[in-house]
Amino acid sequence: MNFWRYVFSFLYTRNWHNGEMELSRPRLALFASALFLFTLALVFISILQAPIEYRIK
């Protein structure tokens, strides 16, 4: 078992026919969407934390 398969073992399910672990597409899609939403939240937080400059004419 390689390092990445060990770290991301929650993405794998056991195949009932041959007993081998294989990548689960629904779990991979949920993980990718959660990772995307987390990244999007960090971008929004960094934008909202930026200071606002007001210019009076």
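Guide: Contact here means that heavy atoms lie within 4.5 Å, and we will use that idea on a model that is predicted.

Visitor: Which residues does Ser24 touch, not counting residues up to four places away in sequence?

Guide: With those neighbours in sequence set aside, Ser24 touches Leu11, Tyr12 and Thr13. Ser24 itself lies in the loop between β2, residues 21–23, and α2.

Visitor: Is Ser24 buried or exposed?

Guide: A residue is called buried under 20% relative accessible area and exposed over 50%, with partly exposed in between. Ser24 has 10% relative accessibility, and therefore it counts as buried. Across the protein chain, buried residues make up 7% of the 57 residues.

Visitor: How should I read the order of helices and strands, and what pattern does the protein chain follow?

Guide: You go along the sequence and note each element in turn, which for the protein chain gives α-β-β-α, that is, two helices and two strands.

Visitor: What does the radius of gyration of the protein chain look like beside that of a compact globule of 57 residues?

Guide: For a compact globule of 57 residues one would expect a value near 10 Å, but the protein chain has 20 Å. The C-alpha trace can also be described along its principal axes, where it spans about 75 × 20 × 10 Å.

Visitor: What does the surface consist of, and which residues form a nonpolar patch there?

Guide: The protein chain exposes about 5,900 Å², and carbon and sulfur atoms supply 66% of that area. On the surface, a nonpolar patch is formed by Phe36, Leu37, Leu40, Val43, Phe44, Ile47 and Leu48, which together have about 720 Å² of accessible area. One of these residues, Ile47, lies in helix α2, residues 25–48, and Ile47 counts as exposed because its relative accessibility is 53%.

Visitor: How many aromatic pairs does the structure hold, and what describes a pair of aromatic rings?

Guide: A pair of aromatic rings is described by the distance of the centres and the angle of the planes. The structure holds five aromatic pairs. One of them joins Phe10 and Phe31, whose rings are 5.5 Å apart centre to centre with 65° between the planes, an edge-to-face pair.

Visitor: Why does the pair of Phe10 and Phe31 tie together parts that are apart in sequence?

Guide: Phe10 lies in the loop between α1 (3–7) and β1 (12–14), whereas Phe31 lies in helix α2, so the pair ties together parts that are 21 residues apart in sequence. Phe10 is partly exposed at 43% relative accessible area, and Phe31, at 29% relative accessibility, also counts as partly exposed. Phe3, Trp4, Phe8, Phe10 and Phe31 form one aromatic cluster.

Conventions: Residues are numbered from 1 along each chain as its sequence is written. This is a predicted model: local features need pLDDT of at least 70, side-chain atom pairs count only at pLDDT 80 or more; totals for chains, interfaces and linings use all residues. Side-chain values use heavy atoms; hydrogens and water are left out. Helices (H or I, at least four residues) and strands (E, at least two) are DSSP runs, numbered from the N terminus. The radius of gyration is taken over C-alpha atoms; the globule rule is 2.2 Å times the number of residues to the power 0.38. Buried means under 20% relative accessible area, exposed over 50%, partly exposed in between (1.4 Å probe, protein chains only). Accessible areas come from the Shrake-Rupley method with a 1.4 Å probe; for residues, only the protein chains shown count as cover. Patches are made of residues with over 30% relative accessible area and no salt bridge: like charges are joined within 9 Å, nonpolar side chains (Val, Leu, Ile, Met, Phe, Trp, Tyr) within 5 Å. A salt bridge is a side-chain nitrogen of Lys or Arg within 4 Å of a carboxyl oxygen of Asp or Glu. Rings of Phe, Tyr and Trp (its six-membered ring) pair if their centres lie within 6.5 Å; planes under 30 degrees apart count as stacked, over 60 as edge-to-face and the rest as tilted.
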